[in-house]
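Q: I am new to this structure and should like to learn how to read its features one by one. Could we begin with a single residue and work outwards from there?

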Amino acid sequence: MFQIRRTDMGGHPAQKQKSAWDESIRNEQHEQTAHRPGAVDSAIQQNCALTRDGKELEYLTFPLLEQTKIVRHLFSTRRGGVSCGEFSSMNFSADRGDKRENVLENFRRMADVLGCQVEDMAASHQTHTTNIRRMTAEDRGKGILRPRDYCDVDGMVTNEAGLVLVTFYADCVPLYFVDPVHKAIGLAHSGWRGTVGRMGERMVEAMAEEFGSRPEDLYAAIGPSICRDCYEVSEDVATAFLHMLGDEVAVPGEVPGKYQLDLWLANELILRQAGLSPSHIAVTDICTCHNSEYLFSHRASAGKRGSLAAFLGLKEAKD
Ligand SMILES: [Zn+2]
């Protein structure tokens with residue numbers, strides 16, 4: 001069920017075999033949601049690489065996006081970084097109390113896996129908006145190595161090869177977009193506020209406007225985030241989703257007046273309504289909250305946590 005790809009980092013060939021822990025991620029801990037209708041077991045692939053100092057680094061990829069052959073991408077896990085305590089060990093947030101040098105080393109390790117430099121990366125400034133910014137080579141390093149000159153940017157699009165877009169997570173939904181026809185990409189952060197604001201559709205519109213992308217040509221991935229069973233919301237939030245997307249996106253919870261919201265399904269429905277083919281959408285079956293030892297979860301940790309990151313860049317022609 002799990003495929004493991006080896007990545008050779010810095011000339012140190014990966015040697016270790018993966019242990020059995022990964023079987024628990026979707027099976028034991030996650031039986032209820034792992035096999036929900038529509039979720040494909042192989043939507044996400046678990047990967048293992050060795051860092052330069054011989055530590056095992058785990059990351060996740062979407063075969064659907066790899067198949068386009070024009071992007072490098074991944075979603076981080078907690079394993080393989082240098083941060084300690086609640087940030088252990090692969091934390092990408094520099095503003096939650098972790099040491100900046102640790103965060104930068106974690107970025108360096110991911111750059112090794114991606115085959116790029118940290119200097120090539122540019123980060124969002126997430127505030128639960130549906131604002132989208134077209135990123136260019138001039139933005140390289142922003143939000144990671146140097147200050148951003150933009151704010152309130154939850155979505156980014158680009159058609160410049162070599163630039164790697166970065167967004168941050170700890171339960172909210174990562175949305176990846178690839179247009180193999182126009183060679184353009186998008187990456188967006190979509191929590192409940194972004195999702196009720198139809199962030200996925202806004203991204204499709206932004207890519208149409210900026211690059212001429214057609215919805216039917218787009219590939220999208222809905223990344224690891226909080227599942228329906230773990231995501232209790234108030235009635236007003238649930239009502240907004242039920243009105244917009246129908247009965248299946250939220251179900252009454254065990255606590256009166258509370259609902260369980262399915263952000264995975266909500267984002268999938270929005271992408272379909274925006275014109276994407278169902279066969280062009282990969283949906284996570286890994287929940288951050290169920291797997292908070294493996295992935296950072298805001299809910300599971302009551303806010304004491306680091307941040308995961310999504311990375312997406314267009315390959316350069318020589319790659
Ligand atoms: Zn869950």
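A: Let us begin with a glycine. G197 lies in the loop between helix 5 (192-196) and helix 6. The model in which we find G197 is a predicted one.

Q: Is G197 buried or exposed?

A: Burial is judged by counting the other C-beta atoms within 10 Å: 20 or more make a residue buried, 12 or fewer make it exposed, and counts in between make it partly exposed. G197 has 18 such atoms, so it is partly exposed.

Q: Which residue, 67 residues apart from G197 along the chain, has its C-alpha atom 6.6 Å away?

A: That residue is T130; the C-alpha atoms of G197 and T130 are separated by 6.6 Å. For the protein as a whole, residues 24 or more positions apart account for 66% of the contacts with a separation of 6 or more.

Q: How confident is the prediction, and where is the confidence low?

A: One looks first at the average and then at the weak stretches. The mean pLDDT of the protein is 90, and 86% of its residues reach 70 or more. Over residues 1-21, however, the pLDDT is below 50, and this stretch has 36 contacts in the model beyond near neighbours in sequence. Residues 27-40 also stay under 50, with 17 contacts beyond four places in sequence. Where pLDDT is low, the predicted coordinates should not be read in detail.

Q: How many helices and strands are there in the protein?

A: The protein has 8 helices and 16 strands.

Q: What is the strand order in the open sheet of 6 strands?

A: A sheet is read by following its strands from one edge to the other. Here the order is 6-7-10-9-11-15, and the pairing is mixed. Strand 6 (132-134) and strand 15 (281-283) are the edge strands, each pairing on one side only. On average, neighbouring strands of this sheet are turned by 15° against each other, direction ignored.

Q: Which helix packs on this sheet?

A: Helix 6 (residues 199-211) does, touching strand 6, strand 7 (155-158), strand 9 and strand 10. The direction of helix 6 makes about 155° with that of strand 10.

Q: In what sense do strand 9 and strand 10 pair?

A: Strand 9 (residues 173-179) and strand 10 (residues 184-190) are paired in the antiparallel sense, over 7 bridges. As an example, V173 has S190 in strand 10 as its bridge partner. K183 lies in the loop between these two strands. The phi of K183 is near 50°, a positive value in a residue other than glycine. With 18 other C-beta atoms within 10 Å, K183 is partly exposed.

Q: Where else does a residue other than glycine have a positive phi?

A: D152 is such a case, with phi near 55°. This residue lies in the loop between strand 6 and strand 7. D152 is partly exposed, having 13 other C-beta atoms within 10 Å.

Q: How does one compare the length of helix 4 with the expected span?

A: One multiplies 1.5 Å by one less than the number of residues. For the 15 residues of helix 4 (residues 100-114) the expected span is 21 Å, and the end C-alpha atoms are 21 Å apart, which agrees. Its buried residues include V103, F107 and M110. Helix 4 is followed by G115, whose phi is positive, near 75°.

Q: Why is helix 8 called largely enclosed?

A: The reason is a count: 8 of the 11 residues of helix 8 (residues 263-273) are buried, so the rest of the structure largely encloses it. Among the buried residues are L263, W264 and L271. Just after helix 8, G275 takes a positive phi of about 110°.

Q: Which residues have the most contacts inside the largest nonpolar core?

A: They are L165, Y176, I185 and A220, in a core of 95 residues. Leaving aside neighbours within four places in sequence, the contacts of A220 include Y176, L271 and I281.

Q: What is the order of the open sheet of 3 strands?

A: The order is 12-14-13, with antiparallel pairing. Strand 12 (232-234) and strand 13 (250-252) stand at the edges; each has a single partner strand, so one side of each is left without a neighbour in the sheet. Neighbouring strands here are turned by 45° against each other on average, direction ignored.

How values were computed
Residues numbered from 1 in each chain as written. Predicted model: local features only at pLDDT ≥ 70, side-chain atom pairs only at ≥ 80, totals over all residues. Helix = DSSP H or I, 4+ residues; strand = E, 2+ residues; numbered from the N terminus. Pairing = 2+ DSSP bridges. Axes fitted to C-alpha atoms, helices over the stretch in contact; angles between N-to-C directions. Contact = placed C-beta atoms within 7 Å. pLDDT = per-residue confidence, 0-100. Core = buried A, V, L, I, M, F, W, Y, C linked by C-beta atoms within 7 Å.
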